Amino acid sequence: MSPESNKKPEQSEQEALAQALTEQLSALSGQTTTAAKELSEIFRLEMQLTVDDTRRLLITWLAIIPAIILAWVSLGGLIAWCVYALSASVTWAISSFTLLQIALCITLLSMRKRFRNGIGFRRTKSHARRIIQEVSGEASDYDQPTRST
């Protein structure tokens, strides 16, 4: 047998393998494209559901705020009525209602002050200053390990 006849079966075998590999890669590419399309469609549908549910949640929160206010006023009225029933004094009843509202305002103002003090990215600014100091080669006061809060 001649060397050329040995090369032809090898070449046809290699061509068949190359053809099979090409077909498999084409099929894999098609499956990947199909999977990507399906995932993007699922993502789009879920995003739409999330937006719709977020709208509904916002509406329920907007509806519950007046209900909470009315419940608070009703509770104040009930407490004032109980004070009136015990003392038979309208002055004491109105005073208790007013003091309840003042106590609420003081509590909310103190909470507001505490929350406002937490705004400002203090930890991020501190960390950024430390990084800048390290980059510029300055000695840092933050070299000691600190407790995380």
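Arg 56 and Asp 53 make a good starting point: their side chains join in a salt bridge, with the closest N and O atoms 2.7 Å apart. A salt bridge here is a side-chain nitrogen of Lys or Arg within 4 Å of a carboxyl oxygen of Asp or Glu. Both Arg 56 and Asp 53 sit in helix α1, 3 residues apart, which is about one turn of the helix. Asp 53 counts as partly exposed because its relative accessibility is 44%; buried means under 20% relative accessible area, exposed means over 50%, and partly exposed is in between (1.4 Å probe, protein chains only).

A word on where these values come from. This is a predicted model, in which local features need pLDDT of at least 70 and side-chain atom pairs count only at pLDDT 80 or more, while totals for chains, interfaces and linings use all residues. Residues are numbered from 1 along each chain as its sequence is written, and side-chain values use heavy atoms, with hydrogens and water left out. As for pLDDT itself, that is the predictor's confidence in each residue, from 0 to 100. The protein chain has a mean pLDDT of 85, and 87% of its residues reach 70 or more. Among the elements of the chain, helix α2 has the highest mean pLDDT, 93, and helix α3 (residues 122-136) the lowest, 84.

The overall layout is easy to follow. The protein chain holds 3 helices and 0 strands, so helices and strands need a rule: they are DSSP runs (H or I, at least four residues, for helices; E, at least two, for strands), numbered from the N terminus. Read along the sequence, the pattern is α-α-α. Of the 149 residues in the protein chain, just 5% are buried. The accessible surface adds up to about 13400 Å², and 66% of that belongs to carbon and sulfur atoms. Areas like this come from the Shrake-Rupley method with a 1.4 Å probe, and for residues only the protein chains shown count as cover.

Back to the salt bridges, of which the count comes to 4. Another one pairs Arg 44 with Glu 41, at 2.7 Å from N to O. These two residues also lie in helix α1, 3 residues apart, or about one turn of the helix. Arg 44 is partly exposed because its relative accessibility is 43%, and Glu 41 is partly exposed as well, at 36%. Arg 55 and Asp 52 form a further bridge, with their closest N and O atoms 3.3 Å apart. Once more, both residues are in helix α1 with a spacing of 3 residues, about one turn of the helix. Here Arg 55 counts as exposed because its relative accessibility is 52%, whereas Asp 52 is partly exposed at 22%.

Helix α1 has a greasy side to show, too. Leu 57, Leu 58, Trp 61, Leu 62, Ile 64, Ile 65, Ile 68, Ile 69 and Val 73 form a nonpolar patch on the surface, and together they have about 880 Å² of accessible area. Patches are made of residues with over 30% relative accessible area and no salt bridge; like charges are joined within 9 Å, and nonpolar side chains (Val, Leu, Ile, Met, Phe, Trp, Tyr) within 5 Å. Ile 64, one of the patch residues, is found in helix α1, which covers residues 3-87. Ile 64 counts as partly exposed because its relative accessibility is 37%.

Between α1 and α2 there is a loop, and Ala 88 lies in it. Ala 88 has a positive phi of about 60° although it is not a glycine. Ala 88 is exposed because its relative accessible area is 62%.

Next comes helix α2, where Ala 93, Ser 96, Leu 100 and Gln 101 are buried. Ser 96 belongs to α2 (residues 90-117) and counts as buried because its relative accessibility is 16%. Setting aside neighbours within four places in sequence, Ser 96 is in contact (heavy atoms within 4.5 Å) with Ile 79, Ala 80 and Val 83. Ser 96 and Val 83 are 13 residues apart in sequence, and their C-alpha atoms are 7.3 Å apart in space. With 28 residues, α2 reaches 41 Å from its first C-alpha to its last, close to the 40 Å expected at 1.5 Å a residue. The expected span of a helix is 1.5 Å times one less than its number of residues.

Finally, α3 has 15 residues and reaches 21 Å from first C-alpha to last, close to the expected 21 Å. Just after α3, Gly 137 takes a positive phi of about 90°.
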